[in-house]
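Trainee: I should like a close look at a single part of this protein. Could you take one residue, describe its setting, and then place it within the whole?

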Amino acid sequence: MIVVDGRRWGTAAEIAAHLGNGVTEHAVRWWARHNGLTRQRIHDRAGRPQVCFNLDEAIEIEAQKRLSPRGRRRAP
C-alpha cells in the first residue's frame with residue numbers, strides 16, 4: 001500500500017488481501033471496470049508502472065456488495 005495525497009492505493013492483490021472475506025483480485029478489477037472503482041497507474045520505487053486502486057473506494061464498494069440481496073451470500 002502507498003499513500004498519495006492522503007489517499008491509500010494498492011494493487012489488486014493488496015486490496016483483496018486487505019479486504020479478505022472472499023474478495024479476490026478479479027473482483028477488485030471487476031469493480032474498477034463496472035462499479036467505478038478509481039484506478040491509477042503509479043510507478044513503484046524501481047520506476048515500474050503498476051495499476052493501483054483506491055482502498056477507501058474499494059471498502060465502500062465491498063460493503064455495498066456484501067449487503068446487497070443480489071449474488072452469492074457472503075459472511076458479514
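Mentor: Asp56 has a relative accessibility of 32%. Buried would require a value under 20% and exposed a value over 50%, so Asp56 counts as partly exposed. The model under discussion is a predicted one, and every value given here is computed from it. Asp56 belongs to helix H3, which covers residues 55-67. A distance helps to place this residue relative to another part of the chain: 32 residues separate Asp56 from Thr24 along the chain, and their C-alpha atoms are 16 Å apart.

Two further residues may be set beside it, beginning with Asn21. Asn21 also counts as partly exposed, because its relative accessibility is 36%. Asn21 lies in a loop, the one that connects helix H1 (12-19) with helix H2 (25-34). The backbone deserves attention at this point, since phi of Asn21 is near 50 degrees, a positive value in a residue other than glycine.

Asp5 also has a positive phi, near 55 degrees, and is likewise a residue other than glycine. Its loop runs between strand S1 (2-4) and strand S2 (7-10). The relative accessibility of Asp5 is 78%, and Asp5 is therefore classed as exposed.

These residues can now be placed in the fold as a whole. The protein contains three helices and four strands, and their order along the sequence is β-β-α-α-β-β-α. Among contacts between residues at least 6 apart in sequence, 49% join residues at least 24 apart.

The overall dimensions come next. Along the principal axes, the C-alpha atoms fill a box of roughly 40 × 20 × 20 Å. The radius of gyration is 13 Å; for 76 residues a compact globule would have a value near 11 Å, so the two agree.

As for the surface and the interior, buried residues account for 29% of the 76 residues. The protein exposes about 5300 Å², of which carbon and sulfur atoms supply 49%. Finally, the charges: there are 14 positive and 8 negative ones in the protein, and the mean position of the positive charges lies 8 Å from that of the negative charges.

To return to the residue with which this answer began, Asp56 is a partly exposed residue within helix H3.

Definitions and conventions
Residues are numbered from 1 along each chain as its sequence is written. This is a predicted model: local features need pLDDT of at least 70, side-chain atom pairs count only at pLDDT 80 or more; totals for chains, interfaces and linings use all residues. Side-chain values use heavy atoms; hydrogens and water are left out. Helices (H or I, at least four residues) and strands (E, at least two) are DSSP runs, numbered from the N terminus. The radius of gyration is taken over C-alpha atoms; the globule rule is 2.2 Å times the number of residues to the power 0.38. Buried means under 20% relative accessible area, exposed over 50%, partly exposed in between (1.4 Å probe, protein chains only). Contact means heavy atoms within 4.5 Å. Accessible areas come from the Shrake-Rupley method with a 1.4 Å probe; for residues, only the protein chains shown count as cover. Lys and Arg count as positive and Asp and Glu as negative; His and the chain ends are not counted. The place of a charge is taken as NZ of Lys, CZ of Arg, CG of Asp or CD of Glu.
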